[in-house]
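Biologist: Please take a close look at the ligand site in this structure. After that, go on to the aromatic pairs and the unusual backbone geometry, and give the cut-offs behind each term.

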Amino acid sequence: MVELPAELRAGLVTAVEGVPGQRLAQSVGRLIEAYRSGRPPTAPIMASGLDVAAYAAYRMPATFAAVRSALGQVVESFPGFDPRTHLDVGGGTGAATWAAAETYPGLTGVTVLDQVAGALDVGRKLAGLAPWPALRAAAWQHWSADTEDDLPAADLVTVSYVLGELAPEARDRLLERAARAARLLVVVEPGTPAGHERVLEARSALIKYDFTVVAPCPHQHDCPLAGTRDWCHFAARVNRSAIHRRLKQGELGHEDEKFSFVAAATEATGDRPGGRVLRHPAFRKGMVTLQLCRPEEVAPRIVSKREGPLYRAARDAAWGDAWPPAGTSA
Ligand SMILES: C[S@@+](CC[C@H](N)C(=O)[O-])C[C@H]1O[C@@H](n2cnc3c(N)ncnc32)[C@H](O)[C@@H]1O
C-alpha cells in the first residue's frame with residue numbers, strides 16, 4: 001500500500017473545496033473519456049480550473065502511487081543514486097515531485113514544466129504544504145513540448161503519464177531531450193498494452209543513447225514480452241480518501257493503479273536483480289509459482305517447500321519484487 005503524504009491528502013481536499021460535486025463529477029467523466037480514448041489530444045485535456053481540480057482529486061493520488069512504486073524499485077536496483085536535482089517534465093499538478101521528494105529527501109532543487117498554467121498554480125499551492133524544503137521552493141514553469149529548447153539538466157528526470165498525450169514524433173523528440181538532460185530518467189505510463197508499448201519505445205531509445213536500464217528489467221536485451229499478447233505492468237495500491245471515493249463512485253477503500261515504466265541511468269548501477277516478479281504469486285500447498293522476468297525469458301518459476309529459505313521468501317514475494325531476494329540464489 002502506498003500512503004499519500006498527509007499534507008498532500010489535506011491539500012487535495014482544500015483544492016476542491018467549494019466546487020459543486022456534480023460539476024466535479026462531470027469534469028472527471030470528461031477526463032476519463034479523454035484518457036481512455038488513447039488518441040493524442042489536439043488541445044490540453046485539462047482545459048479549465050475545474051478540470052485541474054478534478055485531475056488533482058481524481059488522478060493525482062494514483063499517479064503519485066505509480067511513480068512512488070517505480071522509484072521504490074529504482075532505490076533497490078541503484079542504491080548509490082542520491083540525486084540533488086529533479087526535473088518533472090509534463091508534471092501537471094506535481095504528483096511525481098511528491099513521489100521523488102519522499103523517495104529522495106536529499107533533493108535540493110525541483111523544477112516542474114507543463115503547458116497548463118492552471119495545473120502549475122495548483123501544483124505550486126499543494127507543494128507549499130510539503131514537508132520537504134526543496135519541494136516547497138520548486139520552480140513551476142510554463143513550457144510546451146513543441147518548443148525545441150534543451151531541457152534543464154537534472155540528476156533525476158521524470159516523464160510521468162505524458163507520452164500518451166504526444167504524437168509519436170513529439171514523443172521521440174521529448175525523449176531525446178529528456179535523455180540529454182538526465183542522469184536517471186524515469187518514464188511512467190498507464191499499465192495498458194498501449195502504455196507498455198510506449199514504455200518499450202522509450203526503453204529502446206534510452207538503450208540507443210547508451211543508458212543502462214535500472215528497473216524494472218533485470219537486463220537490457222530485447223523485452224521478451226514485445227510482440228506477445230502480454231505486457232509488463234505493475235500495480236500500486238493507494239487508499240481512497242472520502243472525496244476520491246465520491247468522485248470515483250467506488251465502494252472500495254483503495255484502488256490499484258496499474259502502470260508500466262522504465263528507469264534508465266547514464267552510469268552503470270551495479271545492483272540489477274536477477275529477475276522480477278511480473279504477476280501476483282500463485283500459492284498451492286507447499287508451492288509458490290512466480291511469473292519471472294529473467295535475462296533469458298519470462299517464465300513461471302515454481303518454488304517448492306523443499307527449497308527451505310527460498311520457499312519462505314517466495315511466500316512473502318509480491319508482484320513487482322526483485323527475485324531472488326538479496327543474499328539468496330535461485
Ligand atoms: C496525464 S497528465 C500527467 C501529469 C503528471 N505528470 C502526473 O503524473 O500526474 C499529462 C500532463 O502532460 C502535460 N502535457 C501534455 N502535452 C504537453 C505538451 N505538448 N507540452 C507540455 N505539457 C504537456 C499536460 O498538460 C498534463 O499536465
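Modeller: The answer starts at the ligand and then moves outward through the rings and the backbone.

This is a predicted model, in which local features need pLDDT of at least 70 and side-chain atom pairs count only at pLDDT 80 or more, while totals for chains, interfaces and linings use all residues. Residues are numbered from 1 along each chain as its sequence is written, and side-chain values use heavy atoms, with hydrogens and water left out.

The ligand has 19 residues around it, and the closest are Y55, T63, D114, A145 and S160. A residue is counted here if one of its heavy atoms lies within 4 Å of the ligand. By class, the shell holds 10 nonpolar, 7 polar and 2 charged residues. In this scheme Ala, Val, Leu, Ile, Met, Phe, Trp, Tyr, Cys and Pro are nonpolar, Asp, Glu, Lys and Arg are charged, and the others, Gly among them, are polar.

Polar contacts are pairs of N or O atoms within 3.5 Å; within protein, one atom must be able to donate a hydrogen and the other to accept it, and residues adjacent in sequence count only if both atoms are side-chain atoms. G90 places a backbone N or O atom 2.9 Å from a nitrogen atom of the ligand. A backbone N or O atom of A145 also lies 2.9 Å from a nitrogen atom of the ligand. From Q115 the contact is made by a polar side-chain atom, 3.3 Å from an oxygen atom of the ligand. The ligand taken alone exposes 590 Å², of which the protein buries 96%. Accessible areas come from the Shrake-Rupley method with a 1.4 Å probe, and for residues only the protein chains shown count as cover.

Next, the rings. The whole structure contains 7 aromatic pairs. Rings of Phe, Tyr and Trp (its six-membered ring) pair if their centres lie within 6.5 Å; planes under 30 degrees apart are stacked, over 60 edge-to-face, and the rest tilted. F81 and Y104 make an edge-to-face pair, because their planes stand at 90°, with 5.6 Å between the ring centres. This pair links distant parts of the chain, 23 residues apart: F81 is in the loop between α4 (60-77) and β1 (85-89), and Y104 is in the loop between α5 (95-103) and β2 (109-114). Helices (H or I, at least four residues) and strands (E, at least two) are DSSP runs, numbered from the N terminus. F81 and Y104 are both buried, where buried means under 20% relative accessible area, exposed over 50%, and partly exposed in between (1.4 Å probe, protein chains only). Together with F78, F81 and Y104 form one aromatic cluster.

F234 and F259 form a tilted pair, 6.1 Å centre to centre with 45° between the planes. F234 belongs to strand β7 (residues 234-239) and F259 to strand β8 (residues 254-265), so the pair ties together parts 25 residues apart in sequence. Both F234 and F259 are buried.

Helix α5 is largely enclosed by the rest of the structure, because 8 of its 9 residues are buried. Among the buried residues of α5 are T97, W98 and T103.

Y161 combines a ring contact with an unusual backbone angle. The charged end of R59 sits over the Y161 ring, 5.4 Å from its centre; the criterion is NZ of Lys or CZ of Arg within 6 Å of the ring centre and within 35 degrees of the ring normal. Y161 lies in the loop between β4 (154-160) and α8 (168-181), and it counts as buried because its relative accessibility is 13%. Although Y161 is not a glycine, its phi is positive, about 60°. Most residues other than glycine have a negative phi, and most peptide bonds are trans.

D210 is also not a glycine, and its phi is positive, near 70°. D210 sits in the loop between α9 (193-208) and β6, and it is exposed, with a relative accessible area of 64%.

Two cis peptide bonds can be described. One joins A215 and P216, with omega about 0°, and P216 is in the loop between β6 and β7. The other runs from W323 to P324, with omega near 0°, and P324 is in the segment after β13 (322-323).

W231 lies in the loop between β6 (212-215) and β7, and at 24% relative accessibility W231 counts as partly exposed.
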